[in-house]
Amino acid sequence: MFDLIIRNANLPDGSSGVDIAIRGDKIADVAATIEAAAREEIDATGRLVSPPFVDPHFHMDATLSLGLPRLNRSGTLLEGIALWGELRPTLTREALVERALRYCDLAVAQGLLHIRSHVDTSDPRLVTVEALLEVRDRVAPYIDLQLVAFPQDGYYRSPGAVEALNRALDMGVDVVGGIPHFERTMSDGAASVEALCRIAAERGLPVDMHCDETDDPMSRHIETLAKETIRFGLQGRVAGSHLTSMHSMDNYYVSKLIPLMAEAAINVIPNPLINIMLQGRHDTYPKRRGLTRVRELMEAGLNVSFGHDCVMDPWYAMGSADMLEVGHMAIHVAQMAGIEDRKKIFDALTVNSARTMGIESYGLDRGCNADLIILEARDPLEALRLKPSRLAVIRRGKIIARTPARVSELMLDGRPRLVDGSDYAPVLSADAE
């Protein structure tokens with residue numbers, strides 16, 4: 001007797017008509033037909049069943065603060081930073097916790113069950129750290145929340161930042177962060193990378209740095225990050241987030257840089273929604289896209305995952321906690337519209353991001369955690385096109401969220417009464433694919 005069986009599921013690898021049996025909080029079996037009973041069954045009706053979405057780059061301390069203390073009228077990165085500087089002294093633990101918990105509710109509804117959030121440590125009160133540590137504990141039954149100690153105003157540039165970051169790590173923050181391109185000089189930025197990687201090595205922690213989030217092709221801190229990763233033996237435990245300067249670098253330099261990054265096993269985290277919105281602001285025309293070299297990095301074997309970054313905060317007035325929205329933008333900006341391209345984009349929202357965060361027992365194999373989502377789409381390509389309803393969200397074998405199918409009713413003579421957008425995909429032959 002199983003606790004739950006999901007029948008007639010399509011899987012991201014292209015398998016169809018699959019049953020998934022769950023016992024307790026683990027996947028017990030995955031097979032074409034499971035001849036067994038369960039306390040509860042769900043007929044997926046040929047819809048896509050996927051492991052949950054993963055967001056490896058977010059700012060939960062700022063989320064849902066849109067309009068506080070005022071709106072970002074220009075919509076620029078620099079005005080957003082200035083706004084956050086105005087808001088930060090007024091932050092309270094209670095308000096931070098409430099906004100973060102509300103965001104986590106939204107995330108669960110979207111099948112987003114793993115989040116890595118950067119936490120600003122520039123305020124010596126560390127109220128942001130206190131609040132997010134509380135949130136991490138409170139959401140643990142349904143969301144895995146990792147926290148990054150992020151010296152947002154600069155590790156060396158901001159007075160007291162060095163001591164504050166160490167205190168945040170002592171309080172239990174999971175990951176060492178940094179922002180080398182925001183230091184006063186390139187040499188200060190490089191020194192901050194060395195110091196922060198040293199701290200991570202000494203404490204046995206991962207690293208995730210905002211790195212080269214600029215249009216300046218001479219911002220090359222990712223090179224230093226890769227070098228220090230190798231020096232301190234941190235291969236596979238370091239992430240470079242944004243890396244937008246790579247879209248402006250010359251190809252010869254990048255031909256040297258990408259192999260170095262591969263040697264260091266750097267995890268790459270572009271943020272398509274925010275990068276396309278905030279970069280290229282000094283350009284007239286032609287205007288740069290602002291996203292790093294996703295295709296080239298993937299082809300070189302680097303682990304590329306996508307972050308949402310912001311939702312309704314001083315930097316970004318939009319957002320919905322929907323990682324498929326992030327992937328949808330990535331397809332367009334990276335011009336990755338091919339069949340295999342889009343499959344890679346879906347992986348960047350799921351398995352790649354899980355690898356970035358070091359999530360154990362993630363996936364759809366026997367023995368994995370019974371964390372699943374059922375989407376109103378037949379396959380990953382349709383999911384990215386439609387951004388469909390999450391018909392069911394399952395955490396450790398228990399259904400924790402449901403969303404009705406998105407079906408419209410028509411009142412047109414001679415036409416169907418119901419329209420379901422997920423029925424509109426063409427059925428392609430194997431040859432066509």
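The largest nonpolar core of this predicted model holds 101 residues. M60, Y103, V135, L225, M261 and I266 touch the most other members. Helix α2, residues 93-109, gives the most to this core, with eight residues. V135 shows how such a residue is surrounded. Apart from residues up to four places away in sequence, V135 touches M60, V97, A100, L101, C104 and L145. M60 is itself among the residues that touch the most other core members. A second core is separate and has 18 residues, including A9, V18, I20 and L372. In soluble globular proteins, nonpolar side chains tend to be buried together.

**Buried residues in detail**

Three residues are set side by side here.

| Residue | Place | Relative accessible area |
|---|---|---|
| D29 | strand β3 (residues 26-31) | 18% |
| M357 | helix α12 (residues 351-357) | 5% |
| D123 | loop between β7 (112-120) and α3 (127-139) | 12% |

Is D29 buried or exposed? D29 counts as buried because its relative accessibility is 18%, and the cut-off for buried is under 20%. Its side chain makes a polar contact of 2.6 Å with the side chain of R366. Beyond four places in sequence, D29 is in contact with D19, I20, A21, I34 and R366. I20 also belongs to the second nonpolar core.

D123 is buried too, with a relative accessible area of 12%. D123 sits in the loop between β7 and α3. A polar contact of 2.9 Å joins its side chain to that of R125.

M357 is buried at 5% relative accessible area and lies in helix α12. Which residues does M357 contact, leaving aside neighbours within four places in sequence? They are V54, D55, P56, H114, I115, R116, D144 and Q146. M357 and N267 are 90 residues apart in sequence, and their C-alpha atoms are 9.4 Å apart in space.

**Helix α5**

Helix α5 covers residues 186-203, 18 residues in total. From first C-alpha to last, α5 reaches 26 Å, close to the 26 Å expected at 1.5 Å a residue. Its buried residues are G189, S192, V193, E194, A195, L196, C197, I199 and A200. What do these buried residues pack against? The partners are two helices, α4 (161-171) and α6 (221-231), and two strands, β9 (175-178) and β10 (207-211). Just after α5 comes G204, with a positive phi of about 70°.

**Pocket and cavity**

The largest pocket has a volume of about 680 Å³. Its lining has 32 residues, and L77, L78, I81, H181 and E213 are the closest to the pocket centre. Helices α1 (77-87) and α8 (272-278) are the elements that give two or more residues to this lining. The largest share, three residues, comes from α1.

How many cavities of 30 Å³ or more are there? The count comes to one. The largest cavity has a volume of about 40 Å³. H114, I359, E360, S361, Y362, G363, N369 and D371 line the largest cavity. H114 is also one of the contacts of M357.

Notes. Residues numbered from 1 in each chain as written. Predicted model: local features only at pLDDT ≥ 70, side-chain atom pairs only at ≥ 80, totals over all residues. Heavy atoms only, no water. Core = buried A, V, L, I, M, F, W, Y, C linked by side-chain atoms within 4.5 Å. Buried < 20%, exposed > 50% of the residue type's maximum accessible area, 1.4 Å probe, protein only. Helix = DSSP H or I, 4+ residues; strand = E, 2+ residues; numbered from the N terminus. Contact = heavy atoms within 4.5 Å. Polar contact = N/O pair within 3.5 Å; in protein donor to acceptor, adjacent residues only side chain to side chain. Expected span 1.5 Å × (residues − 1). 1 Å grid on protein atoms, 1.4 Å probe; cavity = no way out; pocket = protein on both sides within 12 Å on 5 of 7 lines; lining within 4 Å. Points joined across faces, edges and corners; volume = space filled by probe spheres on them.
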